[in-house]
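Thanks for sharing this one with me. Here are my comments as numbered points, with the cysteines up front and the ligand site after that.

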Amino acid sequence: MTDLFTPARFGALELPNRIVMSSLTRNRADAGNVPTPLMAEYYRQRASAGLILTEASPICAAGHGYPRTPGIHTPEQIAGWKQVTAAVHDAGGRIALQLWHVGRISHPDLQPGGALPVAPSAIRPAGQVFTGVGMQDYVTPRALETHELSGLVATYAQAAHDAMEAGFDGVEVHAGNGYLLDQFLRSSTNRRTDAYGGSQANRARLLLEVMAAVCEAVGSDRVGVRLSPVTTFNDLADDDPQGMFEYVVAQMNPLGLAFLDILQGTGGAPHEAWVPFDYARLRALYRGNLILNNGYDFASAQLALQGGEADAIAFGRLLLANPDLVERFRRGAPLNAPDYERLYTGEEKGYTDYPFLAG
Ligand code: 8OZ
């Protein structure tokens, strides 16, 4: 029976086990948002995972909304990522880059030329953003013009191409957690009246164009997509998430992707707080490899795989605190606890200093 230790083939990727490292923002890039040797060490330590999905990586300068998040849009960043992929490959691992654009989850202080952040519609998110001089309110973003969208699609494809240049085994398009592509998908953030707003098919159009372009750039067998159907993160809501994501997932089938990565509930929130959603319907509709994510432990992950609910399970908190999680699971060894104070700060502390098992 399939379990966490059963090898898997996801498109062009050969996974020695089904323990995937979830994408995790850690804010350790340098001041130019360039990946550092410390980041290479962090990912190298986790190379025994079946597949590493990197922290989200902005595809262009306007795609940034947080300090020290490593981009994939300058030659220095591509060179920085090369050290990361080489370190992971030397340690026998596989690593895919998560392609990101934050859309309205940003601030003029973080944008090139102090410009307004862009979004499907000029709707200000509730909440505040860390801008380097403390917290500031989000601003009302500028709605993208229809004629700008083809350039945005091309930017995703260029970033995917550059990820291959940097030595990645694949890419994951980040279409979840309330960032730009998710802002297009949702009725609360997309009030457009062109072909990219209104119906579910129209709201999904930008994501589907991005997926087609990224697949064309690097081959669909090296491409995945991250969705989070019911997240409320980043002030997001939708009038019919079940219908929307059944449509989106059905549209992914003809692409022949390496994997679909679904975050259940809202990241970090306990199971009891999840908005009800029928994930089994997505499993039934989707004909490729499915990764499920959020709050699994060893026992619940084994049950999900044995029950055929998913093809792999992604672990965030457990893998950040346990670089050798695969071995710990294999031995039934105790786990290190994550240091929540140092998720987004601390350089090597709470990052590369979690102990491995002795022996
Ligand atoms: C936590 C902090 C900053 C960014 C996501 C990229 O939720 C993120 C993120 C998470 O997808």
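1. Cys215 is buried, at a relative accessible area of 10%. Please keep in mind that this is a predicted model, and that goes for every value in this note.

2. Where is the closest cysteine sulfur to that of Cys215? It belongs to Cys60 and is 19 Å away, which is too far for a bond. A disulfide needs the two sulfur atoms within 2.5 Å, so this pair does not qualify.

3. The count of disulfides is accordingly 0. Cys60 takes part in none, and its nearest cysteine sulfur is that of Cys215, at 19 Å. Cys60 is also buried, with a relative accessible area of 18%.

4. Now to the ligand, which may be the part you enjoy most. Which residues surround the ligand? They are Thr25, Ala56, Tyr66, Trp100, His174, Asn177, Tyr179, Phe233 and Tyr344. The protein buries 82% of the 300 Å² that the ligand exposes when taken alone.

5. How does this shell divide by residue type? There are 6 nonpolar and 3 polar residues around the ligand, and no charged ones.

6. Two of the shell residues deserve a look at the atom level. The side chain of His174 has an N or O atom 2.7 Å from an oxygen atom of the ligand. Asn177 likewise places a polar side-chain atom 2.8 Å from a ligand oxygen atom.

7. Last, the site as a whole. The ligand takes up the space of the largest pocket. If you set up the view again, His174 and Asn177 are good residues to label, each with its distance to a ligand oxygen.

Terms used:
Residues numbered from 1 in each chain as written. Predicted model: local features only at pLDDT ≥ 70, side-chain atom pairs only at ≥ 80, totals over all residues. Heavy atoms only, no water. Buried < 20%, exposed > 50% of the residue type's maximum accessible area, 1.4 Å probe, protein only. Near = heavy atom within 4 Å. Polar contact = N/O pair within 3.5 Å; in protein donor to acceptor, adjacent residues only side chain to side chain. Areas by Shrake-Rupley, 256 points an atom, 1.4 Å probe, with all protein chains shown as cover. 1 Å grid on protein atoms, 1.4 Å probe; cavity = no way out; pocket = protein on both sides within 12 Å on 5 of 7 lines; lining within 4 Å. Sits in = over half its atoms within 2 Å of the grid points. Nonpolar A, V, L, I, M, F, W, Y, C, P; charged D, E, K, R; others polar.
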